[in-house]
Amino acid sequence: MLLRQYGFVVFYFLKGAVPTKIAVIVSGLSYDSQRRFVEGLLESAKPDGTDLFFLVCDAEDYQSRTVYETGEFNIYSLPDFSLFDAIIGYFDTIHDVDVVSDIIDRIRRSGKPCVSINTYVEDFICLKLDNQTGLRDILDHLYEEHKVRSIYYISGAPDNTDATERLQTVRTFLRERNITFTKDSIYYGNYTYPSGYKGMDALIRSGRPLPDAVVCANDKMAIGAISRCREEGIRIPEDLIITGYDDSDLARIHQPGITTVKRSEVYSGSLAYQLARDAVISGTHPHPQNIYGEAVFSASCGCSEPSAMNVSDLR
């Protein structure tokens, strides 16, 4: 096994019986969801001896494009996809429509099979991480168990697939229960701790009464919102319920523990590899597949803590 890194191109050579070369396109490995996805890929590829070629950039701001990010995105213009047997693309982690469009066009011209994560592309094998089931379970839990009747939502960027679907889930749920939800009930962040802090700060500075709950599109923003609440002496969950999404490592060790949605990213990485491998070996092209999330209830909504994560688990 050999791991070499040149800039942000990582070549992960796993020598074995299956001489398959798969390119993996992804961005933002500082996020738990992407890291877990890659973990699942590596675990499944290793027994086969498959060569995985990761093309990774570190452009993570979902709301702006900097000169630095322009340079980062250049990594995706380098590969000749015809040299690979298959491609796995986590396209919605790359927050530039033109860059993604160019990648998809070049993959199509290569004629090689591609597994697309979360983004439906005609003629590609599509694997979807569902954004509705786990979040609806949390919303239903807040409504039924904690009598939540007003919600402030801290969203991801409006041009991100996951953010759009999660916001729509919240809108639909509240509309079904005739709960008022206006544009003032939404703050658009970018999945970072600072944007969660700013989202909560905007609510506090507005002078409006606190809602029953603040629902956040990911755990980092939930933790940022909780930090701003602490500065104001707002207790979680006694004065305000706050929830997140992703079941990140930070959510597990945070005090209070974050009520969140667990996504099966490790499994999705493993399944993506199997779909790409099968496409190479047998030419199979299955229908789009969904992987569903699961609600995890914890102290930030007033429920008991799940089994504690030992800090040694993170090392």
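Reader: How many helices and strands does the chain have?
Author: Bear in mind that this is a predicted model: local features need pLDDT of at least 70, side-chain atom pairs count only at pLDDT 80 or more, and totals for chains, interfaces and linings use all residues. Residues are numbered from 1 along each chain as its sequence is written, and side-chain values use heavy atoms, with hydrogens and water left out. Helices (H or I, at least four residues) and strands (E, at least two) are DSSP runs, numbered from the N terminus. On that basis, the chain has nine helices and 14 strands.

Reader: What percentage of the chain's residues count as buried?
Author: Buried means under 20% relative accessible area, while exposed means over 50% and partly exposed is in between (1.4 Å probe, protein chains only). The chain has 315 residues, and the buried share of them is 54%.

Reader: And of the contacts between residues at least 6 apart in sequence, what share joins residues at least 24 apart?
Author: Contact here means heavy atoms within 4.5 Å. Take those between residues at least 6 apart in sequence, and the share that joins residues at least 24 apart is 75%.

Reader: On to α4. Why does the distance between its end C-alpha atoms agree with its length?
Author: The expected span of a helix is 1.5 Å times one less than its number of residues. α4 covers residues 133-145, which makes 13 residues, so it should span 18 Å. Its end C-alpha atoms are indeed apart by 18 Å.

Reader: Which elements do the buried residues of α4 pack against?
Author: The buried residues in question are G134, L135, I138, L139, H141, L142 and Y143. They pack against one helix and several strands: α5 (161-176), then β8 (151-155), β10 (213-216), β11 (241-243), β12 (260-262) and β14 (294-296).

Reader: How far apart are the axes of α4 and α5?
Author: Axes are lines fitted to C-alpha atoms, for helices over the stretch in contact, and angles run from 0 to 180 degrees between N-to-C directions. L135, R136, L139, D140 and Y143 in α4 meet R166, T169, V170, T172, F173 and E176 in α5. The two helices pack at an angle of about 35 degrees, and their axes are apart by 10 Å.

Reader: Are α6 and α7 parallel or oblique to each other?
Author: Helix α6 (residues 193-206) and helix α7 (residues 219-231) pack at an angle of about 45 degrees, with their axes 6 Å apart. Angles under 35 degrees count as roughly parallel, over 145 as roughly antiparallel, 65 to 115 as roughly perpendicular and the rest as oblique. That makes α6 and α7 oblique.

Reader: Why would you call α7 largely enclosed by the rest of the structure?
Author: Among its buried residues are M221, I223, I226 and C229. What covers the buried residues of α7 includes β8, α6, β10, β11, α8 (249-253) and β12. α7 is largely enclosed because the buried count is 10 of the 13 residues.

Reader: Which residue caps the N-terminal end of α7?
Author: Look for a side-chain oxygen lying 3.0 Å from the backbone nitrogen of M221. The residue that supplies this oxygen is N218.

Reader: Is N118 buried or exposed, and which side chain does its own side chain join in a polar contact?
Author: N118 lies in the loop between β6 (114-117) and β7 (125-129), and it counts as buried because its relative accessibility is 5%. A polar contact is a pair of N or O atoms within 3.5 Å; within protein, one must be able to donate a hydrogen and the other to accept it, and residues adjacent in sequence count only if both atoms are side-chain atoms. At 3.2 Å, the side chain of N118 has such a contact with that of D162.

Reader: D96 is in a loop too; which residue's backbone nitrogen does its side chain reach?
Author: D96 lies between β5 (86-89) and α3 (97-110), and it is buried because its relative accessible area is 14%. At 3.0 Å, its side chain reaches the backbone nitrogen of D98.

Reader: Which residue follows I236 across a cis peptide bond?
Author: The bond has omega near 10 degrees. The residue after it is found in the loop between α7 and β11. That residue is P237.

Reader: What is the phi of Y191, which is not a glycine?
Author: Y191 sits in the loop between β9 (186-188) and α6, and it counts as buried because its relative accessibility is 6%. Its phi is positive, at about 75 degrees.
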